[in-house]
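Here are my notes on the model, set out as numbered points. Please read them with the structure open beside you.

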Amino acid sequence: MSATAITITSGKGGVGKTTTTANLGVALAVLGKRVVTIDADIGLRNLDMVMGLENRIVYDLVDVVEGRCRLRQALIRDKRLTELHLLPAAQTRDKTAVSPEQMVEVCNQLRPAFDFILIDSPAGIEQGFKNAIAPADQVIIVTTPEVSAVRDADRIVGLIEAGEKGTPRLILNRLNPDMVRRGQMLSQMDVLEILAIDLLGIIPEDRQVVISTNQGLPLALDGKSPAGQAFRNIAGRLMGQAIPIMALEPEGMLTRLARAIWK
Amino acid sequence: MVDAAVTIKGTTDGLVISLGDGPLEGVLAEMESRLASRASFFLGGRVALRVADRPLSVEQLQAIGAKMEQAGVTLWAVEGEHPATLVAARELGLETNLRLAQVPIPPAPEELTLEEMPGRVFRRTLRAGQEIHHMGHVTLIGDVNPGAEVIAGGDVIVWGKLRGKVHAGAMGDEGAVVCALQLAPSQIRIGSYIAQPPERSRLPKSPEVASVQQGAIVVERWDG
């Protein structure tokens, strides 16, 4: 069985691609799948830190592509979840060090040994993005509910549809229901009205995320975190399970009043 | 008014601008004014310059190139018979070996009424960064997202949400209109008029038409 290669991209930087890649990788591995994550952000690598694996990097993607090591030697196996591996990016080079054809070749070598290949795309629409997209069977776009992120995501959707990679699916990250209710944040409907692609999942705003990325402990391992649960749900959907999207509506005043009266 | 000194033709490879005889200054002035009259339609296009046996120096070619840049187009090739012109062109890195298929563009706007213009139907949603550029009318079945752009010589009719930028009558025709099921463009231009609609927190509920009336762009409900 050959792996499904999924690229996680966004256009805008800082919306949660790397966090999403790490957490989906963990969630899929917890469900028993063989997963390799690839950091395609050469020069500004982050996936290794978010996964807590940065101290174990010996070889990276550029070493593989330039023939200084075998692919197996560059893969880092997670100690907690042995089905999860990382192919890190190089810190000292840049996006021109790898070509789309080379990315496809590396992924083809990985396909027989894994169920999922998750590729963390850099921000932007240039070489790094093109490298990350080249091997993709599916594309996931991450956006936050703010106008500039949605604008960039729309651009990316246009590029992906034009590049014959099918229609991407959306993860809406950092949704804050209270702010939506107060009219301070775009709602899920506002975002989907512009992007008009299938919604794969919503990750609620969760202060734990920053702590977890700093510590290199992906939230998908945390049973109590709402964001972690959302990532686990998305992993289930990627495996074909029909998991409904969590209702994130905050309690309105009338609802709270009713609950107090009818307790 | 047709002037034989300068002709502008569209080809599958960009524009071909032919400069006729006569003092260069006058001919270039004519070229500038012809380019300006269709400014936004030509934006970003590339130009092959055809000069028959007129000799042109490197400085003159550079000056011509600069005038073109000002009009938003780029000189990339020179077709000419005079050896001095060809040498100068090659020195500037311009292509001199051309065989262009000709697809003549329609006559100047003053010769083609809104009713005579060709129209094209597009069935897609325009996403951010995408644009449609057409010399006649544009009918789009789909949305124009924020960050997308439609530029048409004629009318623009959007059977969907219009939220990006739109320019109707782009070749100078102020009688052109912009219609949409939900008209909420970030910027609207008709002919040489420009308007930035006020922020609308909700999309309009019914179709609207924008047109130029008494010196300004006016938006009205479409009552049928």
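1. What span should the 13 residues of helix H11 (residues 226-238) of chain A have at 1.5 Å a residue, and how far apart are its end C-alpha atoms? The expected span is 18 Å and the end C-alpha atoms are 18 Å apart, which agrees. The expected span here is 1.5 Å times one less than the number of residues. Helices (H or I, at least four residues) and strands (E, at least two) are DSSP runs, numbered from the N terminus.

2. A word on conventions before going further. This is a predicted model, in which local features need pLDDT of at least 70 and side-chain atom pairs count only at pLDDT 80 or more, while totals for chains, interfaces and linings use all residues. Residues are numbered from 1 along each chain as its sequence is written, and chains are lettered from A and ligands numbered from 1 in the order in which they are written.

3. Back to H11(A) and its buried side. A residue is buried if 20 or more other C-beta atoms lie within 10 Å of its own, exposed if 12 or fewer, and partly exposed in between, with C-beta atoms placed from the backbone. The buried residues of H11(A) include A:Ala227, A:Phe231, A:Ile234 and A:Leu238. They pack against helix H1 (17-30), strand S7 (169-175), strand S8 (199-204) and helix H10 (208-215) of chain A; contact means C-beta atoms, placed from the backbone, within 7 Å. Just after H11(A), A:Gly240 has a positive phi of about 95 degrees.

4. Helix H7 of chain A passes the length check too: 16 residues at 1.5 Å each should span 22 Å, and the end C-alpha atoms lie 23 Å apart, which agrees. Among its buried residues are A:Ala149, A:Asp152, A:Arg155 and A:Ile160. The buried residues of H7(A) pack against strand S1 (4-9), helix H6 (127-133), strand S6 (138-143) and H9 of chain A. A:Glu164, just after H7(A), takes a positive phi of about 55 degrees.

5. Now for the helix pair. The axes of H7 (residues 147-162) and H9 (residues 188-195) of chain A come within 10 Å and cross at roughly 35 degrees. Axes are lines fitted to C-alpha atoms, for helices over the stretch in contact, and angles run from 0 to 180 degrees between N-to-C directions. A:Val150, A:Ala153, A:Asp154 and A:Val157 of H7(A) meet A:Val191, A:Ile194 and A:Leu195 of H9(A). By class, this contact has 6 nonpolar, no polar and 1 charged residues. Ala, Val, Leu, Ile, Met, Phe, Trp, Tyr, Cys and Pro count as nonpolar, Asp, Glu, Lys and Arg as charged, and the others, Gly among them, as polar.

6. Which residues have the most contacts inside the largest nonpolar core? They are A:Leu61, A:Ile117, A:Ile119 and A:Phe231, in a core of 76 residues. H7(A) gives the most to this core, with 7 residues. A nonpolar core is a set of buried Ala, Val, Leu, Ile, Met, Phe, Trp, Tyr and Cys residues joined through C-beta atoms within 7 Å. Not counting residues up to four places away in sequence, A:Leu61 touches residues including A:Ile38, A:Leu87 and A:Pro88.

7. Two buried loop positions deserve a look. A:Pro88 lies in the loop between strand S4 (84-87) and helix H5 (100-110) of chain A, and counts as buried because it has 29 C-beta neighbours inside 10 Å. A:Ser121, in the loop between strand S5 (116-120) and H6 of chain A, is buried with 29 other C-beta atoms within 10 Å. The C-alpha atoms of A:Ser121 and A:Lys17 are 7.3 Å apart, with their positions 104 residues apart along the chain.

8. Please also check two backbone angles. A:Ala196, in the loop between H9 and S8 of chain A, has a positive phi near 50 degrees and is partly exposed, with 16 C-beta neighbours inside 10 Å. B:Gln214 has a positive phi near 50 degrees and is exposed, with 5 other C-beta atoms within 10 Å. Most residues other than glycine have a negative phi.

9. Finally, chain B has 4 helices and 15 strands, and 33% of its 224 residues are buried. In the contact between chains, 8 residues of chain B meet 7 residues of chain A. The chain B side divides into 2 nonpolar, 5 polar and 1 charged.

Technical notes. Contact = placed C-beta atoms within 7 Å.
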